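Work through the exercises below with the sequence and the structure open. Each task is followed by a solution in steps.

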There are 2 protein chains.
Amino acid sequence: MNIYDIAKIAGVSHTTISRVINSKPGVKEETRERILKILDEYAYFPNSCAKGLASNKNKIIGILLIDVRNSHHTDTAFYIEESFAKLGYASIIAACGWDDSMQDEYLRVMASRNVEGLVLIGSRFQNDNAQKSIKKYFNDKPVVIANGYLPLDNVCGVLLEERKAVSQVVDHLVGKGHRNLAFINDNCTVSANNKQQGFLDGIQKNDLLWNEKNILDIHTRYYVSKEETEKLLREKPEITAIIYSEDILAVGGIKACYSLGLKIPEDISIIGFNDSIYSDISTPTITTIDNRTHDTGEYCSKALHSMLNGETVEPVYHLEPTFKIKESSL
Amino acid sequence: MNIYDIAKIAGVSHTTISRVINSKPGVKEETRERILKILDEYAYFPNSCAKGLASNKNKIIGILLIDVRNSHHTDTAFYIEESFAKLGYASIIAACGWDDSMQDEYLRVMASRNVEGLVLIGSRFQNDNAQKSIKKYFNDKPVVIANGYLPLDNVCGVLLEERKAVSQVVDHLVGKGHRNLAFINDNCTVSANNKQQGFLDGIQKNDLLWNEKNILDIHTRYYVSKEETEKLLREKPEITAIIYSEDILAVGGIKACYSLGLKIPEDISIIGFNDSIYSDISTPTITTIDNRTHDTGEYCSKALHSMLNGETVEPVYHLEPTFKIKESSL
DNA sequence: TTGAAAGCGATACCAA
DNA sequence: TTGGTATCGCTTTCAA
């Protein structure tokens, strides 16, 4: 069933059908209504390929993730999917994983699908190779990065001030009397690095430079975090507060404290990052830095939508994470 | 840059270019290599709309979810996305939410995008209206349902034997000496209903019919579960084991027990469902029923792939959940 | 208010 | 081993 079949049934030309489908003017109201009825009766919908080919717009956006196990990334993705669905766009969603070499591959796939715009979720897309690939495949199409930024004309990004946020948490802890802090970071991303810098800023500002050695880089798995935290606390029992770059790592920290017989928050304070459901599920609930997933998704949607409409958008939008005190800190 | 531009550059006809792009025979090896070089140099990729229009295959599948907050559903979705990406398919992923009336809408959207096949994730798609919509929009295209089934020729499904699984858990608990059981269920889906039936089967088989009253239907939110569990245990302190239809609800149960000063598992056993990360994060870790997300995803992928290749697939594939004993039960 | 015809960028058949 | 041409189902311009 194509537009010509419908035209034949309605006894008009396919041009008129096209006008009705796309709510364009120039059709007698009577004719329009008659055609609408037929369209409905035959459950007709236009072939999206033909439409895309003829109009050079297929109303599809691409959403690319690093790791689907990162729920605040998938949350952002689905927030964007939902808001674009309301605008009549479909979303091709894919995950390219931690292997950076796959980023080019997936960017290419997205381009080959003729998506009108692209959202990249995660600071890991902020690297030179990704920049090259974007230039190669998306030179003239809008790209938005959630928690990242690349200096290209068609790219804009949301940047979370994670460095500042962690630094402020250090201030907070020092204000509560903590002097021996540790920072446990997940795999190297720009974001992880920023958080670590924030920790360094904080201990420097507070003259706690010997804490510099209390930085661990580990895998983003809570059982790894548990093991590493145990090892750390056995070696340095003087530590009274640990900041983790992800809530899920802080969960591992909580487990480690249990197994060492430490009381939280009396003996030690545990701080997470993301304000994810993990921080609420945990017992005790975990004091955390809210990285504002929802606001990020909202801004990305708006920005991409604006760019698709040919509007200019500020290249970087800054968001300040907020500190949420729960049960795991004193 | 289209196929004609490339043809001009290469000094051959676009037909030859098409042959090279699609690795078809009938091109001199020398010519093929020369063209491949040009293709790469100009970073050319074919227009997917044109390709879809001409070949009537756009290499896109649709994946439809109910609730993106349900991580074992998103896990299944991304598992399928990943395996189809390897086959050169893109995935349009969307969430239609709990409002059943949106299912028709989204099924229509998927059809209008000319997806070659569709995966529906969640037992909530197992209803008459969805069946009608599938018949209307997907009469001749393969559809796979994860955890559901509809009696249509082009539809196949994976069915988890949840009823049996819950019934067996009741047996297990009774075997451990429990006599007063409760069952806390989430919102009405076919799946939730199956689990509840399993509970009823179990208490019937074990002559514990008075437990029938200990069934609660609540919202799938852990804090709701916490409140409801507290209320239940205050009213009926004789209960020694509670089965929840989702891990996240069991987490609420754990929290409730804490606040009532009950020891887990000494005073009460808590059982979840899904073997999700929540069950491991919780302290104590939660004994749970593994609904085999990974196997489900794997089967859905294989089944859809087979159907896309014109092969016939068994309409229903049964999977048995497995019981995983962790710390929260005795 | 309506319709005829060209064009979008591929595929595939048939002829050379 | 190659290329010409029709075709897929739509949008859009121009003429009626």
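The exercises treat the two DNA strands in turn and then the relation of the protein chains; the model is a predicted one.

**Exercise 1. The surroundings of DNA strand D**

Task: Find which residues come nearest to DNA strand D, and state how the residues near this strand divide by character.

Solution: Start with the residues around DNA strand D, of which there are 28. Those that come nearest are A:Ile3, A:Ser18, A:Lys24, A:Tyr44 and B:Arg19. Next, sort the surface near the strand by character: 11 residues are nonpolar, 13 polar and four charged. Finally, turn to the DNA side. Of the strand D atoms within 4 Å of the protein, 56% are part of sugar or phosphate, and the rest are part of bases.

**Exercise 2. Polar contacts and elements at DNA strand D**

Task: Identify the partners of A:Tyr4, A:Tyr44 and B:Thr16 on DNA strand D, then name the element that gives the most residues to the surface near the strand.

Solution: Use 3.5 Å as the cut-off for a pair of N or O atoms. An N or O atom in the side chain of A:Tyr4 is 2.8 Å from a base nitrogen of strand D. For A:Tyr44, a polar side-chain atom lies 2.4 Å from a phosphate oxygen. B:Thr16 also places a polar side-chain atom by a phosphate oxygen of strand D, at 2.9 Å. Now assign elements. Two or more residues each come from α1 (3–10), α2 (14–21) and α4 (48–55) of chain A, and from α2 (14–21) and α4 (48–55) of chain B. The element that gives the most is α4(A), with five residues.

**Exercise 3. DNA strand C**

Task: Describe the surroundings of DNA strand C and its polar contacts with A:Ser13, B:Asn2 and B:Ala50.

Solution: Begin with the 27 residues that surround strand C, the closest being A:Arg19, B:Ile3, B:Ser18, B:Asn22 and B:Lys24. By character, the surface near strand C has 11 nonpolar, 12 polar and four charged residues. Then take the contacts. A polar backbone atom of A:Ser13 is 2.9 Å from a phosphate oxygen, while a side-chain N or O atom of B:Asn2 is 3.3 Å from a phosphate oxygen. B:Ala50 has a polar backbone atom 3.4 Å from a base nitrogen. The elements giving two or more residues here are α2 and α4 of chain A, with α1 (3–10), α2 and α4 of chain B.

**Exercise 4. The two chains**

Task: What rotation superposes chain A on chain B?

Solution: A rotation of 180° does so, with 0.0 Å of shift along its axis and an RMSD of 0.1 Å. This is the relation of a two-fold axis. Now compare the interfaces: 100% of the interface residues of chain A are also interface residues in chain B, so the copies meet through the same surface.

How values were computed:
Residues numbered from 1 in each chain as written. Chains lettered and ligands numbered in written order. Predicted model: local features only at pLDDT ≥ 70, side-chain atom pairs only at ≥ 80, totals over all residues. Heavy atoms only, no water. Near = heavy atom within 4 Å. Polar contact = N/O pair within 3.5 Å; in protein donor to acceptor, adjacent residues only side chain to side chain. Helix = DSSP H or I, 4+ residues; strand = E, 2+ residues; numbered from the N terminus. Nonpolar A, V, L, I, M, F, W, Y, C, P; charged D, E, K, R; others polar. Least-squares fit on C-alpha atoms with pLDDT ≥ 70 in both. Contact = heavy atoms within 4.5 Å.
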